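Thank you all for coming; I would like to take a few minutes to walk through one model. Please have the sequence and the structure open while I talk.

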Amino acid sequence: MQRPQLDLYQEASALLLQFVLAAICIMAAVGKLLGYETSLTVLESVGLNAVQSAIVGSIQVAAGLLLILPHTARYGAILLAALMISANRLFIFSTQEPAPAFSIAVFVLCVVLAMIRWDARAEQY
């Protein structure tokens, strides 16, 4: 069966969103995996140790790689959205402050991308 085509602007927007989210994801993971002090300090402030930080970084790398390809982007977006929910929940309960706006924006963009890519997949069948 032939994959339904998004119009040119929708496809270009979805690809741009995929690459931006993948770049954000992978750049955030690098700090955790390489043990940058700034990244580890933030995660230690919410109760995560170095091993847990490396696990989070690995999940971010996996989500970033999934986001690069259009046919796996929906799974990467869902994985990253789940990670953002967990991160925001952890941040709110450990610091008693509101979640950072940037992580909420990333979550919303992940949901939008997953919806775009899931709709294209649903129309395929």
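**A surface patch, a pocket and a salt bridge**

Let me begin on the surface, where Phe19, Leu65, Ile68 and Leu69 make a nonpolar patch of about 360 Å². By patch I mean residues with over 30% relative accessible area and no salt bridge, in which nonpolar side chains (Val, Leu, Ile, Met, Phe, Trp, Tyr) are joined within 5 Å, and like charges within 9 Å. The accessible areas come from the Shrake-Rupley method with a 1.4 Å probe, and for residues only the protein chains shown count as cover.

Before going further I should say that this is a predicted model, in which local features need pLDDT of at least 70 and side-chain atom pairs count only at pLDDT 80 or more, while totals for chains, interfaces and linings use all residues. Residues are numbered from 1 along each chain as its sequence is written, and side-chain values use heavy atoms, with hydrogens and water left out.

As for the overall fold, the protein chain has five helices and zero strands, and along the sequence it reads α-α-α-α-α; helices here are DSSP runs (H or I, at least four residues), as strands are (E, at least two), numbered from the N terminus. Taken along the principal axes, the C-alpha atoms fill a box of roughly 50 × 30 × 20 Å. Of the 125 residues, 33% count as buried, where buried means under 20% relative accessible area, exposed over 50%, and partly exposed in between, with a 1.4 Å probe and protein chains only.

Returning to the patch, Leucine 65 sits in helix α3, residues 50–68, and is exposed, with a relative accessible area of 51%. Glycine 64 also lies in helix α3, but it is buried, at 0% relative accessibility. The C-alpha atoms of glycine 64 and methionine 84 are separated by 13 Å, with their positions 20 residues apart along the chain.

Methionine 84 brings me to the largest pocket, because Met84 is one of the residues nearest its centre, along with Lys32, Leu43, Gln60 and Ala87, out of 24 lining residues. The space in that pocket comes to about 700 Å³. On a 1 Å grid over the protein atoms alone, a pocket is an open set of points where a 1.4 Å probe fits, with protein on both sides within 12 Å along at least five of seven lines, whereas in a cavity the probe cannot get out; lining residues have an atom within 4 Å of a point. Points are joined across faces, edges and corners, and the volume is the space filled by probe spheres set on them. Two or more lining residues come from each of α1 (8–33), α2 (37–45), α3, α4 (73–95) and α5, with α4 giving the most, eight residues. By class, the lining has 17 nonpolar, six polar and one charged residues, counting Ala, Val, Leu, Ile, Met, Phe, Trp, Tyr, Cys and Pro as nonpolar, Asp, Glu, Lys and Arg as charged, and the others, Gly among them, as polar.

Which residues form the salt bridge? A search of the whole structure finds one, and it joins arginine 117 to glutamate 11, with the closest N and O atoms 3.1 Å apart. Arginine 117 lies in helix α5 and glutamate 11 in helix α1, so the pair ties together parts that are 106 residues apart in sequence. The criterion is a side-chain nitrogen of Lys or Arg within 4 Å of a carboxyl oxygen of Asp or Glu. Arginine 117 is buried, with a relative accessible area of 0%, and glutamate 11 counts as buried too, at 17%.

Also in helix α5, which spans residues 101–124, is aspartate 119, a partly exposed residue with a relative accessible area of 47%.

Finally, alanine 77 in helix α4 is buried at 0% relative accessible area, and its C-alpha is 6.5 Å from that of leucine 67, 10 residues away in sequence.
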